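Colleague: Please take one part of this model and walk me through it closely, from its place in the chain to its neighbours on either side. I would like the cut-offs behind each term stated as you go.

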Amino acid sequence: MFVKVSPSDYARHRRSWRGSVPLRSFSRLATELASTSDTVAVDLKFELDEHDRVHMCGTASVQAELTCHRCANTVPTTILAEIDAVIVRSDAVAERVAQEADVIVVTENPIQVCELVEDDLIMSIPWRVDEKEHECIALDASETTQALPTRATQFTQKPFENLRKLLEP
Ligand SMILES: [Zn+2]
């Protein structure tokens, strides 16, 4: 169940790692999410950047259910982490690199794929559900009340339009 990669080897050969990682290997993420899938889809590319540092970019995504803060319904959501980071071996190096790029400190080599993407996934969990992404009952109610002034404005604009038409030769 644990998939391991060596980021530095992968980077030297400009290799990619693509696959599904069981959600249960993400201990922290699994407790944060009510997930509707058992796996996290991971797609990572490794390469050496111009400073010979291990650069990793790609995505990790998982299907989950979030609770809407307005109507309290659960909403199916894709948690998508877009990853673009430099992998370093120590906190000291991380501090230097952090000024110009996102940094992931990796002390084990090889390392589990889940550890490379878990922080980014946790940070990608939306704070709140986008009300427009689902048929939010609470939002429907507030939209109807907001719609009225808009219509009123349209009515006030119409007479001018007619007036302009009358003035046209
Ligand atoms: Zn809602």
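Modeller: What follows begins with the model as a whole and then stays with one strand and its surroundings.

This is a predicted model, in which local features need a pLDDT of at least 70 and side-chain atom pairs count only at pLDDT 80 or more, while totals for chains, interfaces and linings use all residues. Residues are numbered from 1 along each chain as its sequence is written. The mean pLDDT of the protein chain (the predictor's confidence in each residue, from 0 to 100) is 84, and 80% of its residues reach 70 or more. Over residues 145–159, however, the pLDDT is below 50, and beyond near neighbours in sequence this stretch has 0 contacts in the model.

The protein chain has 5 helices and 8 strands, which are DSSP runs numbered from the N terminus, helices being H or I over at least four residues and strands E over at least two. Read from the N terminus, the order of elements is β-α-β-α-β-β-β-β-α-β-β-α-α. Of the 169 residues in the chain, 21% count as buried; here a residue is buried if 20 or more other C-beta atoms lie within 10 Å of its own, exposed if 12 or fewer, and partly exposed in between, with C-beta atoms placed from the backbone. Contacts are taken between residues whose C-beta atoms, placed from the backbone, lie within 7 Å, and among those between residues at least 6 apart in sequence, 58% join residues at least 24 apart.

The strand to look at is β5, which covers residues 54–67. One face of β5 is covered and consists of V54, M56, G58, A60, V62, A64 and L66, whereas the uncovered face holds H55, C57, T59, S61, Q63, E65 and T67.

Three strands pair with β5, where pairing requires that DSSP find at least two bridges between two strands. Strand β3, residues 34–35, runs antiparallel to β5 and is joined to β5 by 2 bridges, with S35 having A64 as its bridge partner. Strand β4 also pairs with β5 in the antiparallel sense, over 8 bridges, and D43 has T59 as its partner in β5. To β6, again antiparallel, β5 is joined by 14 bridges, and V54 stands opposite I87 there.

Two of these pairings are hairpins, and each turn contains a residue with a positive phi. Between β4 and β5 there are 5 residues, including D52, which is not a glycine and yet has a positive phi of about 65 degrees. D52 is exposed because 9 other C-beta atoms lie within 10 Å of its own. Between β5 and β6 there are 6 residues, among them A72, again a residue that is not a glycine but has a positive phi of about 65 degrees. A72 counts as exposed because it has 9 C-beta neighbours inside 10 Å.

On the covered face, A60 repays a closer look. A60 counts as buried because it has 25 C-beta neighbours inside 10 Å. Leaving aside residues up to four places away in sequence, A60 touches V40, A41, V42, A81, I83, V117, D120 and L121. A60 and E82, although 22 residues apart in sequence, are 6.8 Å apart in space, C-alpha to C-alpha.

A60 also belongs to the largest nonpolar core, a set of 32 residues in which V40, V42, M56, A60, I87, V117 and L121 touch the most other members; such a core is made of buried Ala, Val, Leu, Ile, Met, Phe, Trp, Tyr and Cys residues joined through C-beta atoms within 7 Å. The elements giving two or more residues to this core are α1 (7–12), β4 (39–48), β5, β6 (74–88) and α4 (113–123). V117, one of the listed core residues, touches V42, A60, A81 and I83 when residues up to four places away in sequence are set aside.

Further along β5, V62 and Q63 are touched by S37, again not counting residues up to four places away in sequence. S37 sits in the loop between β3 and β4, and counts as partly exposed because it has 13 C-beta neighbours inside 10 Å.

Methods. Two residues are in contact if their C-beta atoms, placed from the backbone, lie within 7 Å.
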